[in-house]
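Reader: Could you take me on a close look at one part of this model, the place where two of its helices meet? I'd be glad of some context on the whole chain along the way.

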Amino acid sequence: MIATIIMGLIVGLLGGFFMKVSFGGSTLVGFIVCVLVGIVGSFIGGCLGSALKIKNTVLQFVLDVVGACLLIALLKVIF
């Protein structure tokens with residue numbers, strides 16, 4: 001359980017960081033908001049994995065990444 005939370009934080013942090021770096025100044029939100037959105041998206045993916053009772057760490061990681069990417073893409077569309 002703790003490993004899943006740490007993995008979600010790391011995936012979300014990296015997703016938010018890469019989103020801010022890749023989009024540069026084109027977003028109206030700051031670095032902290034990008035990182036927080038990545039973390040929240042990662043936890044959404046993690047909750048989805050828990051709801052589906054996925055025990056495989058690799059699949060859980062993939063869901064974390066997908067959740068973070070989807071929420072970051074949504075932020076990009078909005079701003």
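Author: The accessible surface of the chain comes to about 4,900 Å², and carbon and sulfur atoms account for 83% of it. Buried residues make up 33% of the 79 residues. Please keep in mind that this is a predicted model. Its pLDDT averages 78 over the chain, with 87% of the residues scoring at least 70.

Now for the layout. The chain has 3 helices and 0 strands, so the pattern along the sequence reads α-α-α. Confidence is lowest in helix 1 (residues 2–23), with a mean of 77, and highest in helix 2, with a mean of 81. Among contacts between residues at least 6 apart in sequence, 60% join residues at least 24 apart.

The part you asked about is the meeting of helix 2 (31–51) and helix 3 (57–78). Their axes come within 7 Å and cross at roughly 135°. That angle makes helix 2 oblique to helix 3, because an angle has to be over 145 degrees to count as roughly antiparallel. The crossing of these two helices is right-handed.

Let's see who takes part. On the helix 2 side, the residues in contact include the glycines Gly38, Gly41, Gly45, Gly46 and Gly49. Val37, Val40, Ile44 and Leu48 also belong to the helix 2 side, as do Ser42 and Ser50. Helix 3 answers with Leu63, Leu71, Ile72 and Leu75, together with Gly67 and Ala68. Gln60 and Asp64 are on the helix 3 side too.

Gly38 is worth a second glance, as it gives us a link to helix 1. Ile10 has its place in helix 1, and its C-alpha is 9.4 Å from that of Gly38, although the two are 28 residues apart in sequence. Ile10 has a relative accessible area of 45%, so it counts as partly exposed.

Finally, follow the chain from helix 2 into helix 3. The loop between them holds Lys53, which has a positive phi of about 60° although it is not a glycine. Is Lys53 buried or exposed? Its relative accessible area is 66%, and since the cut-off for exposed is over 50%, Lys53 is exposed.

To put the picture together: helix 2 and helix 3 cross in a right-handed way, with Lys53 in the loop between them, and Gly38 takes part in the contacts between the two helices.

Definitions and conventions:
Residues numbered from 1 in each chain as written. Predicted model: local features only at pLDDT ≥ 70, side-chain atom pairs only at ≥ 80, totals over all residues. Heavy atoms only, no water. Helix = DSSP H or I, 4+ residues; strand = E, 2+ residues; numbered from the N terminus. Buried < 20%, exposed > 50% of the residue type's maximum accessible area, 1.4 Å probe, protein only. pLDDT = per-residue confidence, 0-100. Contact = heavy atoms within 4.5 Å. Areas by Shrake-Rupley, 256 points an atom, 1.4 Å probe, with all protein chains shown as cover. Axes fitted to C-alpha atoms, helices over the stretch in contact; angles between N-to-C directions. Parallel < 35°, antiparallel > 145°, perpendicular 65-115°, else oblique. Left-handed = near helix turned anticlockwise from the far one by under 90°.
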